[in-house]
Amino acid sequence: MRKAGLWILVLLSALALGVITVALSFPFLTLNDPSGAKVAVVEGWIDRSFMPEVRDLLIEGAYDTIYITGTPRNFSYTLRIGDTVVVDLQRPVTGELVVNTCGALNAGLVVLGDEGVILADSVFGPCVDRRAHIDRPTARLRFTPTHLGVPDPRWELVFLLYAKVDGINVHALQRTVRVHRSSGEVEPGTPSYADASAEALVALGVSWSRIRRLPTVMLGESRTWANAQRFAREAEERSIHRVDVISFGIHARRSRLTYSEACGNGVVVGIRSVEDPELRPGLWWRRPMGWLKVLRELAGVPASYLVGTVQ
């Protein structure tokens, strides 16, 4: 009994030590330490809803040049009657086409290839996979909504969640993406998170002339490392020696470590962090999600020191 009690005491002590360690790590992970640079890098994976906060940080830092990194995003678009998403591919493709989509009552979706209709289906109801086979090499795909009635042009009829060919994101296969609107306007697509975040910041008043998009191919398992490597190449080519990375919440310290590792000693990396509303100081520990996020980031910090040698 005495031995069992000792083990219980040891376990409780270890648990208490772990809780204290995680709790004390929060201010360590939440980092704001700008470098005084006039160049900023925005991590494009930051959710669009937080772009107003990103814009405010950009204004506060008075940055001359804003780089936005980002890996390919899902082939995700919302379409009204008369809209068409036109995808020119890097090379002709064949194989299984999977489109996950949903939409309004009486709405449908038609996907056209070089030889005609590849897929045509109703989309009313929850988003589900719809499958077809591309038999002949196709260099262009067109996604167009249909409707059995006469819909209001303002109605959002079809939502595309993703589209893949043989399991590969269509955005990773594209050469160009354009959205042809019923009004006659042609908008650029948003094949990467860099494109989507750039579009969001411009809509909030940031000048296109200050923005440089850096779409990134996802290599390995670390999105941040892939983005950091892409910026490091740009920094070397442009002789950038000082930069501030704009990240999100407690991911900030890991972002700074990763960009510092990728850029090397020749670049001073500062950091600015958009506050995560789920992890407010003094409140995060009251919710299980807060503990999970802190634990995940804490576990990822050592990996940020090693990622350059592993990949």
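**Entry 1: helix α6**

I looked up which residues of α6 are buried in this predicted model. They are Ala-252, Arg-253, Ser-255, Leu-257, Thr-258, Tyr-259 and Cys-263. Then I checked the helix length. Helix α6 has twelve residues, 252–263, and at 1.5 Å a residue it should span 16 Å. Its end C-alpha atoms are 16 Å apart, which agrees. I also looked at what follows the helix. Gly-264 comes after α6, and its phi is positive, near 85 degrees.

**Entry 2: aromatic pairs**

I searched the whole structure for aromatic pairs and got five. I took Tyr-67 and Phe-231 from that search. Their rings are edge-to-face, 5.6 Å centre to centre, with 65 degrees between the planes. Which elements hold the two rings? Tyr-67 is in strand β2 (residues 65–70) and Phe-231 is in helix α5 (residues 223–238), so the pair ties together parts 164 residues apart in sequence. I looked up burial for each ring. Tyr-67 counts as buried at 5% relative accessibility. Phe-231 counts as buried at 0%.

Next I took Phe-75 and Tyr-77. Their ring centres are 5.1 Å apart and their planes stand at 70 degrees. An angle over 60 degrees counts as edge-to-face, so this pair is edge-to-face. Both Phe-75 and Tyr-77 are buried.

I then returned to α6. Tyr-259, one of the buried residues of α6, belongs to a cluster: ring pairs link Tyr-67, Phe-231 and Tyr-259.

**Entry 3: charges over rings**

I checked rings for a charge sitting over them. The charged end of Arg-73 sits over the ring of Tyr-77, 5.7 Å from the ring centre. The charged end of Lys-164 sits over the ring of Tyr-162, 4.9 Å from the ring centre.

**Entry 4: nonpolar cores**

I looked up the largest nonpolar core. It has 28 residues. Which members touch the most other members? They are Phe-75, Val-85, Val-87, Phe-143 and Leu-160. I listed the elements that give two or more residues to this core. They are β3 (77–79), β4 (84–103), β5 (107–113), β6 (116–122), β7 (125–147), β8 (158–165), α3 (170–173) and β10 (174–180). The most comes from β4, with six residues.

I picked Leu-160 for a contact list, leaving out residues up to four places away in sequence. Leu-160 touches Phe-75, Ser-76, Tyr-77, Leu-79, Val-99, Asn-100, Thr-101, Leu-109 and Phe-143. I noted a further core that lies apart from the largest one. It has 21 residues, among them Ala-40, Met-51, Ile-211 and Phe-248.

**Entry 5: Gln-174**

I looked up a polar residue in strand β10, Gln-174. Is Gln-174 buried or exposed? It is buried, with a relative accessible area of 15%. That falls under the 20% cut-off. Not counting residues up to four places away in sequence, Gln-174 touches Val-87, Asp-88, Leu-89, Gln-90 and Pro-191.

**Entry 6: salt bridges**

I searched the whole structure for salt bridges and got 17.

I began with Arg-80 and Glu-156. Their side chains meet in a salt bridge at 3.4 Å, N to O. Arg-80 is in the loop between β3 and β4 and Glu-156 is in the loop between β7 and β8, so the pair ties together parts 76 residues apart in sequence. Arg-80 is partly exposed, at 29% relative accessible area. Glu-156 is exposed, at 52%.

I went on to Arg-181 and Asp-83. Their side chains meet at 2.9 Å, N to O, in a salt bridge. Arg-181 is in the loop between β10 and β11 (186–188), Asp-83 is in the loop between β3 and β4, and the two are 98 residues apart. Arg-181 is partly exposed, with 21% relative accessible area. Asp-83 counts as buried, at 2% relative accessibility.

Then I checked Glu-115 and Arg-136. This salt bridge has a distance of 3.7 Å, N to O. Glu-115 is in the loop between β5 and β6 and Arg-136 is in strand β7, so the pair ties together parts 21 residues apart in sequence. Glu-115 is exposed, at 58% relative accessible area. Arg-136 is exposed too, at 56%.

Last, I looked for salt bridges that share partners. Such bridges join Glu-60, Asp-244 and Arg-272 into one network.

Notes:
Residues numbered from 1 in each chain as written. Predicted model: local features only at pLDDT ≥ 70, side-chain atom pairs only at ≥ 80, totals over all residues. Heavy atoms only, no water. Core = buried A, V, L, I, M, F, W, Y, C linked by side-chain atoms within 4.5 Å. Buried < 20%, exposed > 50% of the residue type's maximum accessible area, 1.4 Å probe, protein only. Helix = DSSP H or I, 4+ residues; strand = E, 2+ residues; numbered from the N terminus. Contact = heavy atoms within 4.5 Å. Salt bridge = Lys/Arg side-chain N within 4 Å of Asp/Glu carboxyl O. Expected span 1.5 Å × (residues − 1). Phe/Tyr/Trp six-rings, centres within 6.5 Å; stacked < 30°, edge-to-face > 60°. Lys NZ or Arg CZ within 6 Å of the ring centre and 35° of its normal.
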